[in-house]
Amino acid sequence: MLSKKYVKNIMLMLVLMFMFAFSINVHAEETVDNNDYSNEVVPGYEKTSRWSYTNSVYAALTLSTSGAATTNCAVTGYQDITTKIITYTYLQRLDGNSWTNVDSSSHTAYKWHAEYEDPMTTVSWGHDYRTRNSVYVYSGNSYENIVFYSNVHHYHSTGDTSNCVD
């Protein structure tokens with residue numbers, strides 16, 4: 001027959017095993033952030049998370065009644081962090097279901113803020129236009145790339161809207 005001491009030790013061992021088995025931490029699954037671009041890697045440069053060097057971006061498109069297009073692009077980094085800003089602005093026209101580049105401009109600023117206004121080619125009426133802006137914001141040799149768009153503008157003649165599709 002088993003001794004009382006042996007049974008107590010077995011019971012203690014079983015209790016400890018059950019306590020250990022049921023002490024597994026349970027936690028809720030983290031919410032998925034679909035706007036997290038931190039997994040993007042730029043070959044040859046240190047990986048950075050989005051918005052590490054950029055505080056704000058702004059894009060605008062102005063179309064005059066004569067079809068003159070003017071684009072605006074502004075980027076603000078952080079005064080003690082951002083060292084260079086490169087902007088690429090593309091004036092785009094909607095052709096069918098795809099956007100086509102009509103004109104473009106680019107600028108480089110060796111400071112933490114950049115703001116540009118560029119006259120572009122005269123646009124033809126009856127089309128939708130927007131700007132696509134791609135900016136590279138640096139801190140030393142590391143950078144992040146942010147792409148953003150202006151609002152879409154429908155340009156048509158003030159007297160004849162027969163060629164317009166709304």
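## Ser 150 and its backbone partner

In this predicted model, a polar atom of the Ser 150 side chain lies 2.8 Å from the backbone nitrogen of Thr 131. Ser 150 sits in the loop between strand 7 and strand 8 (153-155). Is Ser 150 buried or exposed? Its relative accessibility is 7%, so Ser 150 counts as buried. The cut-off for buried is under 20%.

Which residues surround Ser 150, leaving aside its neighbours within four places in sequence? Ala 59, Ala 60 and Leu 61 are in contact with Ser 150. Arg 130, Thr 131 and Asn 133 are in contact with Ser 150 as well. Thr 131 therefore appears both in the polar contact and in the contact list, while Ser 150 itself is buried at 7%.

## The three-stranded sheet

An open sheet is formed by 3 strands, in the order 1-2-5. The pairing is antiparallel. Strand 1 (54-63) and strand 5 (113-119) are the edge strands, each pairing on one side only. From one strand to the next, the twist averages 5°.

Strand 1 pairs with strand 2 over 9 bridges, in the antiparallel sense. Leu 63 has Ala 69 as its bridge partner in strand 2. Thr 62 is matched with Thr 70 of strand 2. The hairpin of these two strands has 5 residues between them. There, Gly 67 takes a positive phi near 95°.

On strand 2 (residues 69-77), the pairing with strand 5 is also antiparallel and runs over 7 bridges. One of the residues involved is Ala 74, whose bridge partner in strand 5 is Glu 115. Why is strand 2 largely enclosed by the rest of the structure? Of its 9 residues, 8 are buried, so strand 2 is largely enclosed. In a regular strand, side chains alternate between the two faces of the sheet.

## Nonpolar cores

The largest nonpolar core has 12 residues. Its aromatic members are Tyr 53, Tyr 116 and Phe 148. Cys 73 belongs to this core too. So do the valines Val 75, Val 135 and Val 137, and the isoleucines Ile 85 and Ile 146. Ala 59, Ala 109 and Ala 114 complete the set. Two or more residues come from each of strand 2, strand 5, strand 6 (127-139) and strand 7 (142-149). Another core, of 7 residues, lies apart from this one. Among its members are Leu 61, Val 123, Tyr 129 and Tyr 155.

Val 135 illustrates the packing. Leaving aside its neighbours within four places in sequence, Val 135 is in contact with Cys 73, Val 75, Ile 146 and Phe 148, among others. Its contacts also include Val 57, Ile 86 and Thr 87. Glu 144 and Asn 145 are on the list as well.

## Thr 87 and His 107

Thr 87 belongs to strand 3 (residues 84-95). At 2% relative accessibility, Thr 87 counts as buried. Not counting residues up to four places away in sequence, Thr 87 touches Cys 73, Val 75, Tyr 116 and Val 135, among others. The list also includes Ser 105, Ser 106, His 107 and Ser 134.

His 107 lies in strand 4 (residues 98-109). It is partly exposed, with a relative accessible area of 23%. Which residue's side chain joins that of His 107 in a polar contact of 3.0 Å? The partner is Asp 118. Further along the chain, 21 residues separate His 107 and Ile 86, yet their C-alpha atoms are 5.7 Å apart. Leaving aside neighbours within four places in sequence, His 107 is in contact with Ile 85, Ile 86 and Thr 87, and with Tyr 116 and Asp 118.

## The salt bridge

How many salt bridges are counted? The count comes to 1. Asp 95 and Arg 93 form this salt bridge, with the closest N and O atoms 2.9 Å apart. Asp 95 is partly exposed, at a relative accessible area of 27%. Arg 93 is partly exposed as well, at 22%.

Methods:
Residues are numbered from 1 along each chain as its sequence is written. This is a predicted model: local features need pLDDT of at least 70, side-chain atom pairs count only at pLDDT 80 or more; totals for chains, interfaces and linings use all residues. Side-chain values use heavy atoms; hydrogens and water are left out. Two strands pair if DSSP finds at least two bridges between them. Helices (H or I, at least four residues) and strands (E, at least two) are DSSP runs, numbered from the N terminus. Axes are lines fitted to C-alpha atoms, for helices over the stretch in contact, and angles run from 0 to 180 degrees between N-to-C directions. Buried means under 20% relative accessible area, exposed over 50%, partly exposed in between (1.4 Å probe, protein chains only). Contact means heavy atoms within 4.5 Å. A polar contact is a pair of N or O atoms within 3.5 Å; within protein, one must be able to donate a hydrogen and the other to accept it, and residues adjacent in sequence count only if both atoms are side-chain atoms. A nonpolar core is a set of buried Ala, Val, Leu, Ile, Met, Phe, Trp, Tyr and Cys residues joined through side-chain atoms within 4.5 Å. A salt bridge is a side-chain nitrogen of Lys or Arg within 4 Å of a carboxyl oxygen of Asp or Glu.
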